[in-house]
Amino acid sequence: MLIGSRVSETAPTFERLIEEAWSQPIVGWDFSYLVGRWREPDLPWDYIGRVREALRQATALLDMGTGGGELLASLQPLPPVVYATEGYPPNVPVATARLAPLGVHVRAIEDDAHLPLPDSFFDLVINRQEKFIAEEVARILKPGGRFITQQVGERNLAEINDWLGAPLTLRPSSYERAQRFLATSGLEIVDRDEAFPERAFYDVGALVYFLKAVAWQVPGFTPQRFEPQLRAIRAHIQSAEALVGRDHRYFIEAYKPDR
């Protein structure tokens with residue numbers, strides 16, 4: 001039995017679940033609204049642990065795609081020099097409010113290929129699920145500097161798209177291609193891994209909130225547009241106790257040779 005998944009006679013109606021989920025504000029990457037309503041997957045690597053270990057030697061850190069700054073703020077104490085970039089405009093003031101008091105310089109970006117940051121400046125660049133251009137990462141890293149990234153792969157939650165009848169149009173993020181581009185840019189890979197762990201949604205409202213927050217999973221998603229499919233998904237959850245899909249994640253750690 002999946003915790004929190006049993007449907008009772010007093011369960012919210014389909015309309016109430018959808019309305020409440022769709023009306024919830026999205027602030028940074030805070031998914032606390034889904035606590036108890038989904039099961040997040042475990043990964044075979046510890047991204048945060050790897051980052052914390054690397055921070056021990058770092059004096060200048062960049063967090064690419066900081067979102068609302070939640071993860072970066074949790075990594076305190078931070079190095080003497082810290083920058084964060086964010087390309088989603090609504091997240092920039094959220095990240096600034098959270099991170100500026102910690103001495104972090106938040107930079108809004110529009111073009112991943114031209115970061116407003118100096119050459120050979122950072123000894124640690126971290127990136128959790130944000131697009132990156134390998135040549136730019138290599139440019140801003142100091143010789144001997146490290147790049148640690150966890151990315152969403154191109155097959156992420158394909159089962160969800162199948163249920164909705166929506167094509168899988170995620171931006172290409174190939175594990176093999178990322179390694180090739182990093183190597184071509186002069187970085188050497190020291191560790192890597194790939195995984196397809198299960199993620200479960202225990203009610204249809206949780207799925208709607210997730211698709212609102214992660215808009216690139218199903219571009220143009222609205223509950224009205226996909227109402228028949230969402231009703232079918234709710235019926236499935238009521239009988240199977242969860243809607244299950246597989247995340248696609250990969251991890252790469254690389255460094256810039258000191259030569």
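Here are some notes on the pocket, the helix packing and two backbone details of this predicted model.

1. Let's start with the largest pocket, which holds about 1400 Å³ of space. Its lining takes in 49 residues, and the ones nearest the centre are Trp29, Phe31, Arg128, Gln129 and Trp216. If you're opening the model for a look, those five names from the lining are handy ones to select.

2. Which elements give two or more residues to the lining of the largest pocket? There are helices α2 (47–55), α3 (70–74) and α8 (204–213), plus strands β2 (60–64) and β6 (141–152). By class, the lining of this pocket has 21 nonpolar residues, 13 polar ones and 15 charged ones. Keep α8 in mind, since this contributor to the pocket lining also meets α1 and α9.

3. On to the helices, beginning with α1 and α8. The axes of these two come within 8 Å of each other, crossing at roughly 25°. An angle under 35 degrees counts as roughly parallel, so that is how α1 runs relative to α8. The crossing is right-handed.

4. What does α1 use to meet α8? On the α1 side you'll find Phe14, Leu17, Ile18, Ala21, Trp22 and Ser23, and they face Val204, Gly205, Val208, Tyr209 and Lys212 of α8. Sorted by class, this contact has 8 nonpolar residues, 2 polar and 1 charged.

5. Next, α8 with α9. Here the axes come within 9 Å and the crossing angle is roughly 135°, which makes α8 oblique to α9. From α8, the contact draws on Val204, Leu207 and Val208; from α9, on Leu230, Ile233, Arg234 and Ile237. The class count for this pair is 6 nonpolar, no polar and 1 charged.

6. The remaining pair is α1 (residues 14–23) with α9 (residues 227–240), whose axes come within 11 Å and cross at roughly 115°. Are they parallel or perpendicular? Roughly perpendicular, because the range for that label runs from 65 to 115 degrees. As for handedness, α1 and α9 make a right-handed crossing.

7. Phe14, Glu15, Leu17 and Ile18 supply the α1 half of the contact with α9, and Glu227, Leu230, Arg231 and Arg234 supply the α9 half. The class split is 4 nonpolar, no polar and 4 charged. A few residues turn up twice: Phe14, Leu17 and Ile18 of α1 touch α9 and are also listed in the contact with α8. Likewise, Leu230 and Arg234 of α9 meet α1 as well as α8. On α8, Val204 and Val208 are in the contact with α1 and in the one with α9.

8. Two backbone spots to check by eye. One is the peptide bond from Gln76 to Pro77, which is cis with omega near 5°. Pro77 sits in the loop between α3 and β3 (81–86), and α3 is one of the elements that help line the largest pocket.

9. The other spot is Leu157, a residue other than glycine with a positive phi, near 50°. Where is Leu157? You'll find Leu157 in the loop between β6 and α6 (158–164), and β6 is another contributor to the pocket lining.

Notes. Residues numbered from 1 in each chain as written. Predicted model: local features only at pLDDT ≥ 70, side-chain atom pairs only at ≥ 80, totals over all residues. Heavy atoms only, no water. 1 Å grid on protein atoms, 1.4 Å probe; cavity = no way out; pocket = protein on both sides within 12 Å on 5 of 7 lines; lining within 4 Å. Points joined across faces, edges and corners; volume = space filled by probe spheres on them. Helix = DSSP H or I, 4+ residues; strand = E, 2+ residues; numbered from the N terminus. Nonpolar A, V, L, I, M, F, W, Y, C, P; charged D, E, K, R; others polar. Axes fitted to C-alpha atoms, helices over the stretch in contact; angles between N-to-C directions. Parallel < 35°, antiparallel > 145°, perpendicular 65-115°, else oblique. Left-handed = near helix turned anticlockwise from the far one by under 90°. Contact = heavy atoms within 4.5 Å.
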